[in-house]
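Q: Please take a close look at a single part of this model. A connected account would help.

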Amino acid sequence: MLFLSCRLQRSRSFTMAFFTHRVCRSFSSSAVRNVVIKHVTIIGSGQMGAGIAQVAAQTGHSVTLVDTNEDILKKAVKGIEGSLKRVVKKKFAEKPEAGDEFMQKVLQNLSTSTDAGAAAQTSDLVLEAIVENLKIKQDLFGVLDKAAPAHTIFASNTSSLPISDIASATSRLDRFGGLHFFNPVPVMKLIEVIGTPSTSQETFDSLLNFSKALGKTPVSCKDTPGFIVNRLLVPYLLEAVRLHEKGHGSKEDIDIAMKLGAGYPMGPFELADYVGLDTIKFIIDGWSEKDPDNPLFAQSEYLNRLVGEGKWGKKTGEGFYGKK
């Protein structure tokens, strides 16, 4: 995914140049109570960002989707349109006119921009769905903090980085939280709502209410490694890899055992390939760096080797399982 920096440059870390205009506005650092989120700016139009934009637009929110250039945004909007057509086909099969009206209303709620600073000026919520890189996220929010109004809530869709660390680049610690969506966003019902020790109750309540307005089920999380889902899921995946590494079961048998014995729709190796081995390694690397003595965060030589060979799973066509 492409992502952001306030400097107009591009590097291997895909630093994005959204900030063609820096808007400096002074505002109070005091919490703004009872924010009703109506206008949402989403930074990053990859699979997650586009999915969040679609769901927010479907539920009547005014959405601005931000990315580096118009070509990227056009591709994202085309993907959203394709997803909406599938919704229409399923829900409006016998009412094509109603389906056309539905699509038109949703797309009217969606606009795009290459200027994150300008978009933030009219937003109740700014949500980033960019690369899992702490410095880049901090740079982004550091700039947006000067552009957004006092009432605007900031949130990150990070799956592994501490929300407090991201928020530290801003002066609105009380108006900063986490909204962790799951892929594919239009289908998955869960949102993890993360509060830091500095997040005000008003901000947290606004994020919970926004999640419910999207038609999702929110769960309240603390700002701990992996929150709830990934904190349980990633060690489970790594333990399956260790089981295989020790010769205690084949990948195939472990997957079958968990599907038929535990009722899981996918086995751990199948799921790891779907999530991305590089993503799993990134998460476990960050956790093990912060808590090196925790055996749940221990490295896997097998996983590291596959990632080093560029075998990242579904996204590269080969991972724990071969090319399909």
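Q: Which backbone nitrogen lies 3.1 Å from a polar atom of the side chain of Ser300? Describe the surroundings of Ser300 too, then turn to strand β1.

A: The model is predicted: local features need pLDDT of at least 70, side-chain atom pairs count only at pLDDT 80 or more, and totals for chains, interfaces and linings use all residues. Residues are numbered from 1 along each chain as its sequence is written, and side-chain values use heavy atoms, without hydrogens and water.

The backbone nitrogen is that of Leu303. Ser300 sits in the loop between α11 (277-290) and α12 (301-308). Helices are DSSP runs of H or I with at least four residues; strands are runs of E with at least two, and both are numbered from the N terminus. Ser300 has 1% relative accessibility, so it counts as buried (under 20% relative accessible area, 1.4 Å probe, protein chains only). Beyond its neighbours within four places in sequence, Ser300 is in contact with Leu238, Val241 and Glu245 (heavy atoms within 4.5 Å).

Now strand β1. Five of the five residues of β1 (residues 39-43) are buried, so the strand is largely enclosed by the rest of the structure. His39, Thr41 and Ile43 cover one side; Val40 and Ile42 cover the other. Five bridges join β1 to strand β2 (residues 62-66), and the two run parallel. Strands pair if DSSP finds at least two bridges between them. Ile42 stands opposite Leu65 in β2. Four bridges join β1 to strand β4 (residues 125-128), also running parallel. There, Ile43 stands opposite Glu128.

Definitions and conventions:
Buried means under 20% relative accessible area, exposed over 50%, partly exposed in between (1.4 Å probe, protein chains only). A polar contact is a pair of N or O atoms within 3.5 Å; within protein, one must be able to donate a hydrogen and the other to accept it, and residues adjacent in sequence count only if both atoms are side-chain atoms.
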